[in-house]
Amino acid sequence: MPFKIGCHLSSAGGYLAMGQTAASIGANVFQFFTRNPRGGAAKPIDKQDVKAFLAYAAENGIGPILAHAPYTLNAAGAEDRVREFAEATMADDLKRLELTPGALYNFHPGSHVGQGAEKGIELISDMLVRILEGFGGVPSTTILLETMSGKGSEVGRDFGEVRAIIDHVETHIPDAPLGVCLDTCHVWDGGYDVVGDLDGVVAEFDRIVGLARLKAIHLNDSMNARSAHKDRHACIGKGKIGLDALARVINHPKLRDLPFYLETPCDLDGYRAEIALLKSLRNFE
Ligand code: FE
Ligand code: FE
Ligand code: ZN
């Protein structure tokens with residue numbers, strides 16, 4: 001398998017522009033927001049642009065693309081209005097993603113805002129069930145729950161909460177297209193020792209969630225110490241996780257074939273340099 005590495009890109013110029021930008025910085029995958037990260041209406045999709053992108057991606061070996069839901073969505077909110085907005089937005093995103101088949105769609109499970117994790121898990125799961133039942137068939141997109149740092153009342157703060165959401169959805173929809181995106185900064189901030197015991201963290205993920213569910217890695221360093229529950233990303237090798245540990249992540253036999261997406265505080269030149277650095281640290285098979 002080729003090393004699948006890329007970063008978050010602006011979607012302002014459309015799909016083809018993202019594909020070309022990715023290629024220009026040495027990336028073969030990329031992530032983008034489906035709409036303004038703070039929410040709101042999505043731009044109408046330019047079908048010609050999508051068509052041109054799909055041809056370009058096939059020719060240049062780009063993909064899978066990872067669409068990130070606005071981070072302000074809260075499927076576990078206490079107010080009906082908040083939850084309804086999350087549901088309508090996700091349903092619309094999934095419909096639009098059918099134009100780029102086989103995409104990944106990542107979302108932050110939500111924050112229970114004092115209702116308790118159990119209630120949050122129920123609200124998130126029920127929302128996913130309604131979206132999937134209302135979709136009319138099985139989406140070609142795989143929906144990814146992102147592992148969170150446990151900041152505030154975030155749900156998905158440990159592998160058990162992620163598993164609970166999957167279990168709940170699967171009791172209603174056994175073949176639900178659900179996976180997980182593991183964010184190295186978030187799990188570190190959440191308390192998992194990806195520096196000292198990566199094998200142990202991978203084994204625990206496998207035991208609780210199952211590695212077959214793991215579809216993507218957000219590769220980030222962290223500004224904070226383990227278990228800080230802060231969620232502040234650092235550039236690769238410039239944080240508390242460090243370059244050696246991140247090199248072990250991209251080379252880990254159970255992780256190395258996954259696509260890696262950088263979400264570090266970088267401009268394009270910074271991403272280009274990080275991608276080159278990581279490629280130089282990639283072991284041969
Ligand atoms: Fe995220
Ligand atoms: Fe992330
Ligand atoms: Zn984050």
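These legends describe close-up views of a predicted model. Local features need pLDDT of at least 70, side-chain atom pairs count only at pLDDT 80 or more, and totals for chains, interfaces and linings use all residues. Residues are numbered from 1 along each chain as its sequence is written, chains are lettered from A and ligands numbered from 1 in the order in which they are written, and side-chain values use heavy atoms, with hydrogens and water left out.

**View 1. H68, H108 and E146 are the protein donors of the iron ion (ligand 1).** H68 and H108 each donate through NE2, and E146 through OE. These atoms lie 2.1 to 2.3 Å from the iron ion (ligand 1). Donors are N, O and S atoms within 2.8 Å of the metal (3.2 Å for Na, K and Ca); water is not among the atoms, so sites may look incomplete. Along the sequence, the donor residues are spaced H-x39-H-x37-E. H68 lies in strand β3 and H108 in the loop between β4 (104-107) and β5 (110-111), so the pair ties together parts that are 40 residues apart in sequence. Helices (H or I, at least four residues) and strands (E, at least two) are DSSP runs, numbered from the N terminus. A second iron ion, ligand 2, sits 3.3 Å from the iron ion (ligand 1). E146 coordinates both.

**View 2. H68 is buried in strand β3.** The strand spans residues 66-68. H68 counts as buried because its relative accessibility is 3%. Buried means under 20% relative accessible area, exposed over 50%, and partly exposed in between (1.4 Å probe, protein chains only). The side chains of H68 and H108 make a polar contact at 3.3 Å. A polar contact is a pair of N or O atoms within 3.5 Å; within protein, one must be able to donate a hydrogen and the other to accept it, and residues adjacent in sequence count only if both atoms are side-chain atoms. Neighbours within four places in sequence aside, H68 is in contact with Q31, F32, F33, T34, N106, H108, E146, H218 and E263. Contact means heavy atoms within 4.5 Å.

**View 3. The zinc ion (ligand 3) has H186, D231 and H233 as its protein donors.** The donor atoms are NE2 of H186, OD of D231 and NE2 of H233. They lie 2.0 to 2.3 Å from the zinc ion (ligand 3). The spacing along the chain is H-x44-D-x1-H. D231 is buried at 15% relative accessibility, and H233 is buried at 18%. The zinc ion (ligand 3) and the iron ion (ligand 1) are 5.2 Å apart.

**View 4. Ring pairs link Y15, F30, F32 and F53 into a cluster.** A search of the whole structure finds eight aromatic pairs. The rings of Y15 and F32 are edge-to-face, because their centres are 5.5 Å apart and their planes stand at 75°. Rings of Phe, Tyr and Trp (its six-membered ring) pair if their centres lie within 6.5 Å; planes under 30 degrees apart count as stacked, over 60 as edge-to-face and the rest as tilted. Y15 lies in helix α1 (residues 15-24) and F32 in strand β2 (residues 29-33), so this pair ties together parts 17 residues apart in sequence. Y15 is buried, at 11% relative accessible area. F32 is buried too, at 3%. Y15 and F53 form a tilted pair, with 5.7 Å centre to centre and 40° between the planes. That pair links distant parts of the chain: Y15 is in helix α1 and F53 in helix α2 (residues 47-60), 38 residues apart. F53 is buried, with a relative accessible area of 3%.

**View 5. Helices α1 and α2 are roughly parallel to each other.** Their axes come within 7 Å and cross at roughly 30°. Axes are lines fitted to C-alpha atoms, for helices over the stretch in contact, and angles run from 0 to 180 degrees between N-to-C directions. Angles under 35 degrees count as roughly parallel, over 145 as roughly antiparallel, 65 to 115 as roughly perpendicular and the rest as oblique. Y15, L16, G19, Q20 and A23 in α1 meet D49, V50, A52, F53 and Y56 in α2.

**View 6. R282 is found in the segment after α9 (268-281).** R282 is buried, at 11% relative accessibility. The R282 side chain reaches the backbone oxygen of I250 at 2.7 Å. Not counting residues up to four places away in sequence, R282 touches M1, P2, F3, I250, N251, R256 and F260.
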